Amino acid sequence: MSASPPPAVAPDAIFDAVVVGGGPGGLSAALWLARYRRKALLVDAGEHRNRWTEQAHGYLGSDPVDPAELLGRARSQLGRYDTAACVQDSVTAIRRSAGDGFTVELTGGTPVAARRIVLATGVRDEFPAVEGFFDHYGASVFHCPSCDGYEARDRRVVVLGWGAQITGFALELLDWAATVTVVTDRESLAAAPADRRSLLDRGVEVVEDRPAGLIGARGALEALEVAGGARLPCDMAFFTIDHAPLTGLAEQLGCRLGPEGFVEVDDCGRTSVEGVYAAGDLTPGLQLVQVAAAKGASAGTACATSLRGAPAVPGAPEPGPDVGAAIDG
Ligand SMILES: Cc1cc2nc3c(=O)[nH]c(=O)nc-3n(C[C@H](O)[C@H](O)[C@H](O)COP(=O)(O)OP(=O)(O)OC[C@H]3O[C@@H](n4cnc5c(N)ncnc54)[C@H](O)[C@@H]3O)c2cc1C
């Protein structure tokens, strides 16, 4: 997670907030908690979603940027705030403790206490079973047209997938690609006849065969080989299968999930459970670094200001007055 060893968390430590997940969503929430001088612990298992790629695109002022470098910079900037700490660990459970706080269990130590929780655990992607997939993932193989479509401009693109979403996905890539070929993993494409027609009308070839292997060196994809033996020349591949939000902790806490399984939040990142906030890909909406960071900023500031009027926890400075109470009274 960082070059320096993570600070040990004292067994009796109590935090204003524990942030679970150290991708752009969690780091941004922790930063804003720290700027409000709240004592925050960020716990991160270190498997941020875009760790497979060397370049994340479209982040304002850092386009492109190595995601590991961006997160490393954010962690070291967080380190300048004396009320914030990061540890590389996994949170295994969170439960309500006496009063309105929480007990947070980590794999690597005794539980810690927190007044608030921010969940930014992200999603888990499902990958196609194609030989050589991880040799090319993040270099020539991607799942997100918004993130990496521009890099596919004027190039030959193969799309791996078969579900109902495949038509829209393949057609979207025509915004950039010179050619798009859909390779199904099934006997036939699960698309309505009208969808199949719109693909063909726009010159998208459909190959109903199983993708078997990716040919070429990392960053220099040459072709996709299908089970029937044919080689389809291509420069990039995109896939669309599925991804699942990592909602285990949110469900333990009783947070309401939306119809697609993401954690429901309001504009401030508040979940349906008092004192629990969520941000990033775990919540509904666009899945981009900049959006995750923005949602983290909303959740972090809302979480910090929800603590107005609460006395300082050990190790944090005395807070200012509760603005609302001062004005009312
Ligand atoms: C290949 C690829 C390329 C991409 N390219 C781009 C791009 O070019 N531009 C762009 O804007 N977006 C891109 N994205 C999307 C971007 O990565 C995500 O939108 C962004 O990472 C979401 O941030 P997050 O903080 O919500 O989640 P993540 O970045 O996934 O971070 C979640 C963190 O939580 C940790 N965690 C999970 N559970 C626990 C637990 N129980 N305890 C402790 N830690 C836990 C994980 O280990 C992980 O480190 C790309 C994604 C992929 C997969």
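In this predicted model, the shell of residues around the ligand is drawn from both domains of the chain, with at least three residues contributed by each of domain 1 (14–124 + 243–328) and domain 2 (128–240). In total, 41 residues surround the ligand, and the closest of them are the glycines Gly21, Gly23, Gly25, Gly122 and Gly280. Several elements of secondary structure take part in this shell: helix 1 (24–35), strand 2 (40–44), helix 4 (145–148) and helix 8 (289–305) each provide at least two of its residues. In terms of composition, the shell around the ligand comprises 17 nonpolar, 18 polar and six charged residues.

The confidence of the prediction was considered next. The mean pLDDT of the chain is 92, and a value of 70 or more is reached by 95% of the residues. In residues 1–6, however, the pLDDT falls below 50, and this stretch makes twelve contacts in the model beyond its near neighbours in sequence. Where pLDDT is low, the predicted coordinates should not be read in detail.

According to the domain assignment, the chain is divided into domain 1, which is formed from the two segments 14–124 and 243–328, and domain 2, which spans 128–240. The C-alpha centres of domain 1 and domain 2 are 35 Å apart, and the contact between them involves six residues from domain 1 and six residues from domain 2. On the side of domain 1 that touches domain 2, two residues are nonpolar, three are polar and one is charged.

Two open sheets were examined. Strands of a sheet pair through backbone hydrogen bonds, either parallel or antiparallel. The parallel arrangement is found in an open sheet of five strands with the order 8-15-9-10-11, in which strand 8 (141–142) and strand 11 (205–207) are the edge strands, each pairing on one side only. Strand 8 is connected by two bridges to strand 15 (residues 236–239), and these strands run parallel, with Phe142 standing opposite Phe238 of strand 15. Helix 5 (residues 166–173) lies across strand 9 (156–160), strand 10 (179–183) and strand 15, and the angle at which helix 5 runs to strand 9 is about 165°.

The antiparallel arrangement is found in an open sheet of three strands, in the order 12-13-14. Strand 12 (211–217) and strand 14 (231–233) occupy the edges of this sheet and have a single partner strand each, so one side of each remains without a neighbour in the sheet. From one strand to the next, the twist averages 25°. Strand 12 and strand 13 (residues 220–226) run antiparallel and are joined by six bridges, and Ala217 is placed opposite Ala220 of strand 13.

Two features of backbone geometry were noted in loops that adjoin strand 2. In the loop between helix 1 and strand 2, Arg37 has a positive phi of about 60°, although this residue is not a glycine. A cis peptide bond, with omega of about 5°, joins Asp63 and Pro64, and Pro64 is located in the loop between strand 2 and helix 2 (67–78). Both loops are thus described with reference to elements that also contribute to the ligand shell, since helix 1 and strand 2 each supply at least two of the shell residues.

Terms used. Residues are numbered from 1 along each chain as its sequence is written. This is a predicted model: local features need pLDDT of at least 70, side-chain atom pairs count only at pLDDT 80 or more; totals for chains, interfaces and linings use all residues. A residue is near a molecule or strand if its C-beta atom, placed from the backbone, lies within 6 Å of it. Helices (H or I, at least four residues) and strands (E, at least two) are DSSP runs, numbered from the N terminus. Ala, Val, Leu, Ile, Met, Phe, Trp, Tyr, Cys and Pro count as nonpolar, Asp, Glu, Lys and Arg as charged, and the others, Gly among them, as polar. Domain bounds come from an automatic or database domain assignment. pLDDT is the predictor's confidence in each residue, from 0 to 100. Two residues are in contact if their C-beta atoms, placed from the backbone, lie within 7 Å. Two strands pair if DSSP finds at least two bridges between them. Axes are lines fitted to C-alpha atoms, for helices over the stretch in contact, and angles run from 0 to 180 degrees between N-to-C directions.
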